[in-house]
Amino acid sequence: MAERVVEEVSNKQVILRDYVSGFPKESDFEFKTSKIRLEAAQGSKSVVVKNLYLSCDPYMRACMRNLTGTYVPSFTPGSPIIGYGVARVIDSGHPNFKKGDLVWGMTGWEEYSLITEPETLFKIEDTDVPLSYYTGILGMPGMTAYGGFYEVGSPKEGEYVFVSAASGAIGQLVGQFAKLKNCYVVGSAGSKEKVDLLKNKFGFDEAFNYKEEQDLDKALKRCLPEGIDIYFENVGGKMLDAVLLNMRLHGRIPGCGMISQYNLEETEGVHNMFYLITKRVRMEGFMVFDYYPMYPKYLDMVLPLIRERKITYVEDIAEGLENAPKALIGLFSGHNIGKQVVLVARE
């Protein structure tokens, strides 16, 4: 029997230099080229993949700190950073995956990755939609919007919904899900271009640029004079404080993220928490991992909506692994418009 020839190739990687305080900078990252054998170790269940798309997500800021006991592990300085991505299987020792399969899940920020826990990967069966969608609407952000809005938010027809960071990977979906439920939907974003996108592309009933508002409470009262039944929380800080003043009785606040606080060494206090009591508001944080068992159900709902163009999704695609750090950092200054993705390799 002929001996199997295993190819060894160079592998460009994005490395975190050290843990980061304050706003991350491009100089916090470096590039390294190593070698990788395109073979799953004999007897292992590992999978070797070629990375096609990488996902830039706000939660990754927490991974740049030296923290313990958090919901996501910290990155290891000197090693490739880890995040969600879309990849093609090169070799597999796992029975659920074979060479040529397309997958999405946790991978390295590098050209090729050896994944030792492939149980965390999802096989991509539907390829009549853009593969990059599996970093967004058909991946973790989509499941986050779905679980947070429908399961935690418990929407009812005709309710009043407010979404902060509404043009981002998750917010744009929450707004459209709310419109499908015949809710009145308002969003906030950080530029005129993003506000126009919310109203003209995603179908929000109203939107405002929070950077131009001197008084967030007044902005909310102007856009939502009847108050708020569901606030999909992505921002925290001053926005949450203003929202609490405007919640309706028995309102719900799905706590998804608080991006305004991620780069602060000392987080801001929230002063209006007493309104949770007086208005009988339920505020509940959630993790997307809790809803992954519902992924097939979610696909059954959202794929027809995409195919029938009843829902739209905007992506901001940076080309090339060399542009990945800049793309990730841009999330924290609102540079991206829509879901931030990095194209590593074309099919």
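**Figure 1. The largest nonpolar core of this predicted model has 82 residues.** Trp104, Ile137 and Leu138 have the most contacts inside this core. Helix H7, spanning residues 295-307, gives the most to the core, contributing 7 residues.

**Figure 2. Close-up of the contacts of Ile137.** Leaving out residues up to four places away in sequence, Ile137 touches Gly142, Leu173 and Ile311. Tyr298, Val302, Ile306 and Tyr313 are also among the residues that Ile137 touches.

**Figure 3. A second, separate core has 20 residues.** Its members include Phe162, Cys223, Ile228 and Tyr231. Cys223 counts as buried, at 5% relative accessibility.

**Figure 4. Helix H1, residues 140-152, is largely enclosed by the rest of the structure.** This is so because 11 of its 13 residues are buried. Among them are Met140, Pro141, Gly142, Met143 and Thr144. Ala145, Tyr146, Gly147, Gly148, Phe149 and Val152 are buried too. Gly142 of this helix is also touched by Ile137. Just after H1, Ser154 takes a positive phi of about 45°.

**Figure 5. Cysteines without disulfides: the count in the model is 0.** A disulfide needs two cysteine sulfur atoms within 2.5 Å. The sulfur of Cys56 lies 13 Å from the closest cysteine sulfur, that of Cys63, so the pair is too far apart for a bond. Cys223 is in no disulfide either; its nearest cysteine sulfur, in Cys183, is 17 Å away. Cys56 is buried, with a relative accessible area of 2%. Cys223 is buried as well, and belongs to the second core.

Conventions
Residues are numbered from 1 along each chain as its sequence is written. This is a predicted model: local features need pLDDT of at least 70, side-chain atom pairs count only at pLDDT 80 or more; totals for chains, interfaces and linings use all residues. Side-chain values use heavy atoms; hydrogens and water are left out. Buried means under 20% relative accessible area, exposed over 50%, partly exposed in between (1.4 Å probe, protein chains only). A nonpolar core is a set of buried Ala, Val, Leu, Ile, Met, Phe, Trp, Tyr and Cys residues joined through side-chain atoms within 4.5 Å. Helices (H or I, at least four residues) and strands (E, at least two) are DSSP runs, numbered from the N terminus. Contact means heavy atoms within 4.5 Å.
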